[in-house]
Structures are given as C-alpha cells and as structure tokens.
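Hi everyone, thanks for making the time. I'd like to walk you through a model on the screen, so please have the sequence and the structure open as we go.

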Amino acid sequence: MHGDELAREPEANGAPIAAHVKAELIKKADDLSHEAAEVKEIAVAFERWHQDMISLTEKNRQMHIKGEDLVLIARQLIMLSLNAAIEAARAGDSARGFVVVAAEVRSLALRAQLLSKEFGKDLHKNDLVTAATFQDIQAGGKMMMAAISGLEFMIRQLRERLG
C-alpha cells in the first residue's frame, strides 16, 4: 500500500492504520536508539582497550630499556671473567680455585647473554603483535563510531519524518 491508500483505509482498533503504522515506526526508532546506546557501550570498551594498548606499548618500551641493560651487564660479566682468568693465570698454581670461579662466571655470563638475546627477540615479536592489535582496535573503534553516527542520523531522520 502507498501512503495515500493508508489514509483511506478503515480504522483498526479505533485509530487510522496510518497512525498505527506511525506508532510502530516510533517504537522501532526507540528500539534502534536503545540498540545504538548498547553499541556505544561497546565503543567505550574499545576506547578503554585503546588506552590499555597505549599503556602496554609504554611497558614494552621500558622492557626494551631493561633488556638493553641486561645485554650490557652480560657483556661486562664476560669481560670481567676474562680479566679474572688472565689474573688467575698470572698468579699461577696458587690461583687454581680462582680459575674455576672465573670460568663459572664466564659460563653464567654467556648464558645471561643468550637469554637476553632471546628476551629481545621475544620482545620484538610482542611489539609486532601489540602494534597490530593497537591498529585493529583503533580501526574497529573508528568503524564502530562511524556506524553509530550513521545509525543515529537515520533515527533522527525517521523521527523528523514521523513528526
């Protein structure tokens, strides 16, 4: 039926059908407004995730600094163990126990160096995942806000037409 035909239709439940349809459309607009409000709550969660990702990115930056410090400490320990081995060799037989200690310190320093390299690689992988997730959250939030704005615009237009 067209709009003109609706106005000429008999009454239903004591009201013109057009008024009944108008009331249903108003109800649907109200329902859509409620749904838009719920979607806005999801958008708020996206904003919170966005802030969490900023915090995570900062923590990753701090972890990189600590990782670099760990690499420097491992290098210094290796140098220290080499110097200790040289000094023990100069001291001769009386420093045999010190040679063992120097060798153990070197072994630990090499393990620390290996672990710091692995830590750095893992942290870089974490950076990639963090950056990709951060971009996805930003894009998703923007798309959601655009969809909400479009929905709100359509609801306003519908309400204006319904009077």
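Let me begin with a cut-off, since I'll lean on it throughout: a residue is buried under 20% relative accessible area, exposed over 50%, and partly exposed in between. Leu 151 shows how that works: its relative accessibility is 21%, so Leu 151 counts as partly exposed. And please keep in mind that this is a predicted model.

Now the overall picture. The protein has three helices and two strands, and along the sequence they follow the pattern α-β-β-α-α. There are 163 residues, of which 18% count as buried. If you take contacts between residues at least 6 apart in sequence, 84% of them join residues at least 24 apart.

Back to Leu 151 for a moment. You'll find Leu 151 in helix H3. Which residues does Leu 151 touch, once its neighbours within four places in sequence are left aside? The contacts are Leu 32 and Ala 36. Leu 32 is 119 residues away along the chain, yet the C-alpha atoms of Leu 151 and Leu 32 are separated by 8.0 Å.

Next, have a look at His 50, which is found in helix H2, residues 17-91. Is His 50 buried or exposed? With a relative accessible area of 16%, His 50 is buried, because the cut-off for that class is under 20%. Setting aside neighbours within four places in sequence, His 50 is in contact with Phe 134, Ile 137 and Gln 138.

A little before His 50 in the numbering sits an aromatic pair, and the count for this structure comes to one. The rings belong to Phe 46 and Trp 49: their centres are 5.1 Å apart and their planes are at 50°, so the pair is tilted. Both residues lie in helix H2, three residues apart, which is about one turn of the helix. Their accessibility classes are worth noting too: Phe 46 counts as buried at 17%, whereas Trp 49 is partly exposed at 38%.

Let's move on to charges. How many salt bridges does the structure hold? It holds six, and I'll show you three of them, starting with Lys 27 and Asp 31, whose closest N and O atoms are 2.9 Å apart. This one stays inside helix H2, with the partners four residues apart, again about one turn of the helix. Lys 27 is partly exposed, with a relative accessible area of 49%, and Asp 31 is partly exposed as well, at 31%.

My second example is Asp 30 with Arg 159, whose side chains meet at 2.4 Å, N to O. Asp 30 lies in helix H2 and Arg 159 in helix H3, so the pair ties together parts that are 129 residues apart in sequence. Asp 30 is partly exposed, with a relative accessible area of 39%, and Arg 159 counts as partly exposed at 35%.

The third is the salt bridge between Asp 93 and Arg 96, at 3.0 Å, N to O. Here both Asp 93 and Arg 96 are exposed.

Finally, the largest pocket, with about 160 Å³ of space. Which residues line it? The lining consists of Met 63, His 64, Gly 67, Glu 68, Val 71, Ser 116, Lys 117, Phe 119, Gly 120, Leu 123 and His 124. H2 and helix H3, residues 96-162, each supply at least two residues of that lining, and H3 gives the most, with six. By type, the lining divides into four nonpolar residues, five polar and two charged.

One last stop is Glu 118, which lies in helix H3. Glu 118 counts as partly exposed, at 39% relative accessibility. Across from there, you can look for Gly 67, a residue of the pocket lining. Glu 118 and Gly 67 are 51 residues apart along the chain, and their C-alpha atoms are separated by 10.0 Å.

That's the tour. Thanks for listening, and I'm happy to go back to any part of it.

Note on methods:
Residues numbered from 1 in each chain as written. Predicted model: local features only at pLDDT ≥ 70, side-chain atom pairs only at ≥ 80, totals over all residues. Heavy atoms only, no water. Buried < 20%, exposed > 50% of the residue type's maximum accessible area, 1.4 Å probe, protein only. Contact = heavy atoms within 4.5 Å. 1 Å grid on protein atoms, 1.4 Å probe; cavity = no way out; pocket = protein on both sides within 12 Å on 5 of 7 lines; lining within 4 Å. Points joined across faces, edges and corners; volume = space filled by probe spheres on them. Nonpolar A, V, L, I, M, F, W, Y, C, P; charged D, E, K, R; others polar. Salt bridge = Lys/Arg side-chain N within 4 Å of Asp/Glu carboxyl O. Phe/Tyr/Trp six-rings, centres within 6.5 Å; stacked < 30°, edge-to-face > 60°.
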